[in-house]
Amino acid sequence: MAILDEIYDTTVKGAYKEIEPLILQALDQNIEINDIINNSLSKAMIYVGDKFSTGELYMPDMLLSAKTMKAAMEILKPHMKKENHITEKGTIVIGTVKGDLHDIGKNLVITMAEGQGLKVIDLGIDVDYPKFVEAIKENNPDIVAFSGLLTTTLGNIPAHIKAIADAGLRDKVILAVGGAPVTREFADRYGIELYAPDASTAAKEFVKALEAKKG
Ligand code: B1M
(Lines give C-alpha, C1' and ligand atoms only; values in the text may rest on other atoms or scores of the structure.)
Protein backbone atom coordinates (compact mmCIF):
# COMPACT_ATOMS: atom_id res chain seq x y z
CA MET A 1 0.00 0.00 0.00
CA ALA A 2 1.31 3.49 -0.80
CA ILE A 3 2.50 5.38 2.25
CA LEU A 4 -0.10 8.18 1.96
CA ASP A 5 -2.87 5.56 1.99
CA GLU A 6 -1.32 3.93 5.06
CA ILE A 7 -1.22 7.29 6.86
CA TYR A 8 -4.85 7.90 5.86
CA ASP A 9 -6.00 4.49 7.15
CA THR A 10 -4.01 4.81 10.38
CA THR A 11 -5.55 8.25 11.04
CA VAL A 12 -9.06 7.00 10.31
CA LYS A 13 -8.46 4.09 12.71
CA GLY A 14 -7.03 6.48 15.31
CA ALA A 15 -4.02 4.22 15.79
CA TYR A 16 -1.92 7.08 17.16
CA LYS A 17 0.89 4.81 18.39
CA GLU A 18 1.50 3.59 14.83
CA ILE A 19 1.70 6.94 13.06
CA GLU A 20 5.31 7.99 13.76
CA PRO A 21 7.15 5.41 11.60
CA LEU A 22 4.73 6.06 8.74
CA ILE A 23 5.30 9.81 8.80
CA LEU A 24 9.06 9.26 8.97
CA GLN A 25 8.80 6.88 6.03
CA ALA A 26 6.88 9.49 4.00
CA LEU A 27 9.53 12.10 4.81
CA ASP A 28 12.25 9.63 3.79
CA GLN A 29 10.48 9.21 0.46
CA ASN A 30 10.63 13.02 0.04
CA ILE A 31 6.87 13.30 -0.13
CA GLU A 32 5.84 16.97 0.15
CA ILE A 33 4.62 17.86 3.65
CA ASN A 34 1.56 19.57 2.13
CA ASP A 35 0.73 16.27 0.42
CA ILE A 36 0.96 14.37 3.70
CA ILE A 37 -1.31 16.91 5.40
CA ASN A 38 -3.85 17.48 2.64
CA ASN A 39 -3.96 14.07 0.96
CA SER A 40 -3.88 11.80 3.97
CA LEU A 41 -4.23 13.46 7.40
CA SER A 42 -6.89 16.13 6.71
CA LYS A 43 -8.69 13.84 4.27
CA ALA A 44 -8.92 11.21 7.02
CA MET A 45 -10.36 13.78 9.46
CA ILE A 46 -13.04 14.76 6.92
CA TYR A 47 -13.95 11.07 6.47
CA VAL A 48 -14.16 10.55 10.25
CA GLY A 49 -16.34 13.67 10.60
CA ASP A 50 -18.69 12.45 7.86
CA LYS A 51 -18.99 9.02 9.52
CA PHE A 52 -19.69 10.75 12.83
CA SER A 53 -22.49 12.73 11.16
CA THR A 54 -24.11 9.54 9.89
CA GLY A 55 -23.75 7.79 13.26
CA GLU A 56 -21.28 5.20 11.94
CA LEU A 57 -18.46 6.50 14.16
CA TYR A 58 -18.64 7.99 17.65
CA MET A 59 -17.04 10.73 19.73
CA PRO A 60 -14.16 8.51 21.01
CA ASP A 61 -13.35 7.65 17.37
CA MET A 62 -13.09 11.36 16.50
CA LEU A 63 -10.88 11.89 19.55
CA LEU A 64 -8.51 9.06 18.60
CA SER A 65 -8.24 10.31 15.02
CA ALA A 66 -7.56 13.81 16.33
CA LYS A 67 -4.85 12.40 18.61
CA THR A 68 -3.30 10.62 15.62
CA MET A 69 -3.28 13.76 13.48
CA LYS A 70 -1.79 15.76 16.35
CA ALA A 71 0.97 13.15 16.82
CA ALA A 72 1.70 13.34 13.08
CA MET A 73 1.82 17.13 13.16
CA GLU A 74 4.32 17.08 16.03
CA ILE A 75 6.67 15.06 13.82
CA LEU A 76 6.08 17.25 10.76
CA LYS A 77 6.32 20.64 12.50
CA PRO A 78 10.14 20.92 12.78
CA HIS A 79 10.47 20.00 9.10
CA MET A 80 8.00 22.69 8.10
CA LYS A 81 9.84 25.40 10.00
CA LYS A 82 13.10 24.48 8.29
CA GLU A 83 11.62 25.59 4.98
CA ASN A 84 11.60 29.28 5.97
CA HIS A 85 13.67 31.68 8.05
CA ILE A 86 11.91 33.07 11.09
CA THR A 87 12.25 36.84 10.80
CA GLU A 88 9.09 37.92 12.62
CA LYS A 89 7.58 39.97 9.85
CA GLY A 90 4.51 40.71 11.96
CA THR A 91 2.45 39.47 14.88
CA ILE A 92 -0.73 37.41 14.81
CA VAL A 93 -3.01 36.64 17.74
CA ILE A 94 -5.11 33.56 17.08
CA GLY A 95 -7.66 31.53 19.01
CA THR A 96 -10.60 29.19 18.60
CA VAL A 97 -13.83 31.07 19.29
CA LYS A 98 -15.77 30.86 22.53
CA GLY A 99 -17.54 27.55 22.99
CA ASP A 100 -15.45 25.70 20.41
CA LEU A 101 -12.85 23.08 21.41
CA HIS A 102 -11.44 22.22 17.96
CA ASP A 103 -7.79 23.15 17.55
CA ILE A 104 -6.12 20.98 14.90
CA GLY A 105 -6.87 23.42 12.06
CA LYS A 106 -5.86 26.41 14.18
CA ASN A 107 -2.59 24.71 15.09
CA LEU A 108 -1.93 24.04 11.43
CA VAL A 109 -2.52 27.73 10.63
CA ILE A 110 -0.01 28.59 13.39
CA THR A 111 2.61 26.23 12.00
CA MET A 112 2.18 27.60 8.47
CA ALA A 113 2.26 31.22 9.66
CA GLU A 114 5.39 30.60 11.72
CA GLY A 115 6.85 28.95 8.62
CA GLN A 116 6.30 32.29 6.84
CA GLY A 117 8.33 34.06 9.51
CA LEU A 118 5.40 35.46 11.49
CA LYS A 119 5.23 35.65 15.28
CA VAL A 120 2.09 33.91 16.51
CA ILE A 121 0.44 34.21 19.92
CA ASP A 122 -1.88 31.26 20.47
CA LEU A 123 -4.77 31.88 22.86
CA GLY A 124 -5.89 28.25 22.62
CA ILE A 125 -9.47 26.97 22.44
CA ASP A 126 -12.82 28.20 23.78
CA VAL A 127 -11.37 31.72 24.04
CA ASP A 128 -13.57 34.07 26.02
CA TYR A 129 -14.25 37.59 24.67
CA PRO A 130 -12.00 39.52 27.12
CA LYS A 131 -9.03 37.25 26.37
CA PHE A 132 -8.71 38.53 22.78
CA VAL A 133 -8.97 42.11 24.08
CA GLU A 134 -6.25 41.54 26.70
CA ALA A 135 -4.01 39.84 24.14
CA ILE A 136 -4.34 42.80 21.76
CA LYS A 137 -3.47 45.25 24.54
CA GLU A 138 -0.48 43.17 25.62
CA ASN A 139 0.98 42.23 22.24
CA ASN A 140 -0.11 44.95 19.82
CA PRO A 141 -0.66 42.40 17.00
CA ASP A 142 -1.14 43.29 13.35
CA ILE A 143 -3.74 40.55 12.81
CA VAL A 144 -6.30 38.86 15.06
CA ALA A 145 -7.52 35.53 13.69
CA PHE A 146 -10.56 33.51 14.75
CA SER A 147 -10.81 29.78 14.09
CA GLY A 148 -14.29 28.25 14.18
CA LEU A 149 -15.41 24.70 13.38
CA LEU A 150 -18.95 24.68 14.76
CA THR A 151 -21.83 26.40 13.02
CA THR A 152 -23.37 27.15 16.42
CA THR A 153 -20.37 28.88 17.99
CA LEU A 154 -19.55 30.85 14.83
CA GLY A 155 -22.48 32.91 16.11
CA ASN A 156 -20.15 34.13 18.88
CA ILE A 157 -17.86 35.89 16.41
CA PRO A 158 -19.91 39.15 16.31
CA ALA A 159 -19.61 39.29 20.12
CA HIS A 160 -15.84 38.81 19.86
CA ILE A 161 -15.68 41.70 17.39
CA LYS A 162 -17.93 43.86 19.56
CA ALA A 163 -15.67 43.28 22.60
CA ILE A 164 -12.66 44.37 20.52
CA ALA A 165 -14.54 47.43 19.20
CA ASP A 166 -15.84 48.37 22.68
CA ALA A 167 -12.24 48.40 23.92
CA GLY A 168 -11.41 50.88 21.12
CA LEU A 169 -9.11 48.38 19.39
CA ARG A 170 -11.01 47.49 16.21
CA ASP A 171 -9.10 49.96 14.01
CA LYS A 172 -5.74 48.80 15.32
CA VAL A 173 -6.00 45.25 13.98
CA ILE A 174 -6.81 43.38 10.79
CA LEU A 175 -9.38 40.67 11.55
CA ALA A 176 -9.16 37.21 9.99
CA VAL A 177 -11.37 34.15 10.13
CA GLY A 178 -11.33 30.54 8.96
CA GLY A 179 -12.59 27.07 9.72
CA ALA A 180 -14.53 24.41 7.85
CA PRO A 181 -17.99 26.08 7.89
CA VAL A 182 -16.65 29.63 7.33
CA THR A 183 -17.09 31.34 3.97
CA ARG A 184 -16.02 34.62 2.36
CA GLU A 185 -19.67 35.73 2.66
CA PHE A 186 -19.60 35.05 6.40
CA ALA A 187 -16.44 37.16 6.78
CA ASP A 188 -17.96 40.00 4.70
CA ARG A 189 -21.14 39.96 6.77
CA TYR A 190 -19.18 40.94 9.87
CA GLY A 191 -16.67 43.23 8.20
CA ILE A 192 -13.80 40.76 8.72
CA GLU A 193 -11.05 41.78 6.31
CA LEU A 194 -9.36 38.45 5.76
CA TYR A 195 -10.77 34.99 5.08
CA ALA A 196 -8.80 31.87 4.22
CA PRO A 197 -10.19 28.40 3.47
CA ASP A 198 -7.03 26.57 4.56
CA ALA A 199 -3.86 26.97 6.56
CA SER A 200 -1.40 27.63 3.76
CA THR A 201 -3.71 30.23 2.16
CA ALA A 202 -4.11 31.81 5.61
CA ALA A 203 -0.33 32.16 6.01
CA LYS A 204 0.00 33.67 2.52
CA GLU A 205 -2.91 36.07 3.15
CA PHE A 206 -1.34 37.15 6.46
CA VAL A 207 1.93 38.01 4.69
CA LYS A 208 0.06 39.85 1.90
CA ALA A 209 -1.92 41.89 4.42
CA LEU A 210 1.23 42.76 6.38
CA GLU A 211 3.03 43.85 3.22
CA ALA A 212 0.04 45.99 2.20
CA LYS A 213 -0.04 47.53 5.70
CA LYS A 214 3.63 48.49 5.46
CA GLY A 215 2.90 50.00 2.04
CO1 B1M B 1 -15.99 17.84 16.09
N2 B1M B 1 -17.27 18.45 14.75
N3 B1M B 1 -17.33 18.07 17.49
N4 B1M B 1 -14.65 17.12 17.25
N5 B1M B 1 -15.00 17.41 14.55
C6 B1M B 1 -16.79 18.61 13.38
C7 B1M B 1 -16.28 20.04 13.16
C8 B1M B 1 -18.08 18.27 12.54
C9 B1M B 1 -18.11 18.92 11.14
C10 B1M B 1 -18.23 16.72 12.45
C11 B1M B 1 -19.49 16.31 11.76
O12 B1M B 1 -20.52 16.22 12.40
N13 B1M B 1 -19.44 16.05 10.45
C14 B1M B 1 -19.21 18.78 13.49
C15 B1M B 1 -19.60 20.26 13.32
C16 B1M B 1 -20.89 20.44 12.58
C17 B1M B 1 -21.13 21.89 12.41
O18 B1M B 1 -21.36 22.60 13.35
N19 B1M B 1 -21.09 22.34 11.16
C20 B1M B 1 -18.59 18.51 14.84
C21 B1M B 1 -19.33 18.36 16.04
C22 B1M B 1 -20.83 18.37 15.90
C23 B1M B 1 -18.71 18.21 17.30
C24 B1M B 1 -19.39 18.11 18.67
C25 B1M B 1 -20.57 19.08 18.89
C26 B1M B 1 -19.80 16.62 18.85
C27 B1M B 1 -20.65 16.35 20.08
O28 B1M B 1 -20.23 16.61 21.17
N29 B1M B 1 -21.82 15.84 19.82
C30 B1M B 1 -18.21 18.40 19.65
C31 B1M B 1 -18.10 19.90 19.95
C32 B1M B 1 -17.16 20.19 21.08
C33 B1M B 1 -16.90 21.69 21.14
O34 B1M B 1 -16.10 22.19 20.37
N35 B1M B 1 -17.57 22.39 22.05
C36 B1M B 1 -17.05 17.96 18.82
C37 B1M B 1 -15.85 17.48 19.36
C38 B1M B 1 -14.77 17.04 18.62
C39 B1M B 1 -13.53 16.38 19.23
C40 B1M B 1 -13.14 16.98 20.58
C41 B1M B 1 -13.83 14.90 19.38
C42 B1M B 1 -12.48 16.55 18.07
C43 B1M B 1 -11.63 17.83 18.18
C44 B1M B 1 -10.24 17.55 18.73
C45 B1M B 1 -9.35 18.75 18.56
O46 B1M B 1 -9.48 19.60 17.69
N47 B1M B 1 -8.40 18.81 19.46
C48 B1M B 1 -13.40 16.71 16.87
C49 B1M B 1 -12.98 16.51 15.53
C50 B1M B 1 -11.60 15.92 15.35
C51 B1M B 1 -13.79 16.85 14.42
C52 B1M B 1 -13.51 16.61 12.91
C53 B1M B 1 -13.73 15.12 12.67
C54 B1M B 1 -12.16 17.01 12.38
C55 B1M B 1 -11.74 18.46 12.60
C56 B1M B 1 -10.29 18.60 12.20
O57 B1M B 1 -9.41 18.60 13.04
N58 B1M B 1 -10.03 18.64 10.86
C59 B1M B 1 -14.62 17.54 12.25
C60 B1M B 1 -15.10 17.03 10.89
C61 B1M B 1 -14.75 17.98 9.76
O62 B1M B 1 -14.21 19.06 9.94
N63 B1M B 1 -15.14 17.58 8.55
C64 B1M B 1 -15.58 17.75 13.36
C65 B1M B 1 -8.67 18.70 10.32
C66 B1M B 1 -8.22 20.16 10.26
C67 B1M B 1 -6.83 20.23 9.63
O68 B1M B 1 -9.13 20.87 9.45
O69 B1M B 1 -10.10 22.13 11.42
O70 B1M B 1 -11.16 22.33 9.10
P71 B1M B 1 -9.95 22.15 9.94
O72 B1M B 1 -8.96 23.35 9.63
C73 B1M B 1 -8.60 23.72 8.30
C74 B1M B 1 -9.46 24.85 7.73
O75 B1M B 1 -10.76 24.87 8.26
C76 B1M B 1 -8.64 26.08 7.99
O77 B1M B 1 -7.31 25.63 7.92
C78 B1M B 1 -7.21 24.29 8.41
C79 B1M B 1 -6.17 23.52 7.62
O80 B1M B 1 -6.23 23.71 6.26
N81 B1M B 1 -8.76 26.85 9.23
C82 B1M B 1 -8.46 28.18 9.24
C83 B1M B 1 -9.07 26.49 10.48
N84 B1M B 1 -9.00 27.52 11.32
C85 B1M B 1 -8.61 28.60 10.58
C86 B1M B 1 -8.37 29.93 10.95
C87 B1M B 1 -7.97 30.82 9.95
C88 B1M B 1 -7.84 30.40 8.62
C89 B1M B 1 -8.08 29.07 8.25
O90 B1M B 1 -7.75 32.09 10.33
C91 B1M B 1 -7.59 33.05 9.39
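Which hand does the crossing of α6 and α8 have, right-handed or left-handed? Keep that in mind as we walk through this predicted model; we will reach the spot at the end of the tour.

**Stop 1: the two domains**

Start by colouring the protein chain in two parts. Select residues 2-80 for domain 1, then 91-214 for domain 2. If you mark the C-alpha centre of each domain, you will find the two centres 25 Å apart. Where the domains touch, nine residues come from domain 1 and six residues from domain 2.

How much area is buried between domain 1 and domain 2? The value is about 660 Å², and carbon and sulfur atoms give 77% of it. If you wonder about the choice of unit, the size of an interface is often given as the accessible area lost when the parts come together.

**Stop 2: helix α1 beside helix α2**

Now select residues 3-13, which form helix α1, and residues 19-28, which form helix α2. Their axes come within 10 Å and cross at roughly 155 degrees. Angles over 145 degrees count as roughly antiparallel, so α1 and α2 are roughly antiparallel to each other. The crossing here is left-handed.

Show the side chains next. On α1, pick I3, E6, I7, T10 and T11; on α2, pick I19, L22, I23, Q25 and A26. Sorted by class, this contact has six nonpolar residues, three polar and one charged.

**Stop 3: helix α1 beside helix α3**

Keep α1 on screen and add helix α3, residues 33-53. The axes of α1 and α3 come within 8 Å, with a crossing angle of roughly 30 degrees. What does that angle make of the pair? Angles under 35 degrees count as roughly parallel, and α1 and α3 are therefore roughly parallel to each other. Their crossing is right-handed.

To see the contact, select these residues:

- from α1: L4, I7, Y8, T11 and V12
- from α3: D35, I36, N39, S40, L41, K43, A44, M45, Y47 and V48

Try colouring them by class: 10 are nonpolar, three polar and two charged. You may recognise I7 and T11, which also belong to the contact of α1 with α2.

**Stop 4: helix α6 beside helix α8**

For the last stop, select residues 129-139 for helix α6 and residues 157-166 for helix α8. The two pack at an angle of about 40 degrees, with their axes 9 Å apart, which makes α6 oblique to α8. And here is the reply to our opening question: the crossing of α6 and α8 is right-handed.

Finish by showing Y129, F132, V133 and I136 of α6 together with A159, H160, A163 and I164 of α8, the residues that make the contact. Seven of them are nonpolar and one is polar, with no charged residues.

Conventions:
Residues numbered from 1 in each chain as written. Predicted model: local features only at pLDDT ≥ 70, side-chain atom pairs only at ≥ 80, totals over all residues. Heavy atoms only, no water. Axes fitted to C-alpha atoms, helices over the stretch in contact; angles between N-to-C directions. Helix = DSSP H or I, 4+ residues; strand = E, 2+ residues; numbered from the N terminus. Parallel < 35°, antiparallel > 145°, perpendicular 65-115°, else oblique. Left-handed = near helix turned anticlockwise from the far one by under 90°. Contact = heavy atoms within 4.5 Å. Nonpolar A, V, L, I, M, F, W, Y, C, P; charged D, E, K, R; others polar. Domains from an automatic or database assignment. Buried area = accessible area lost by both parts, 1.4 Å probe.
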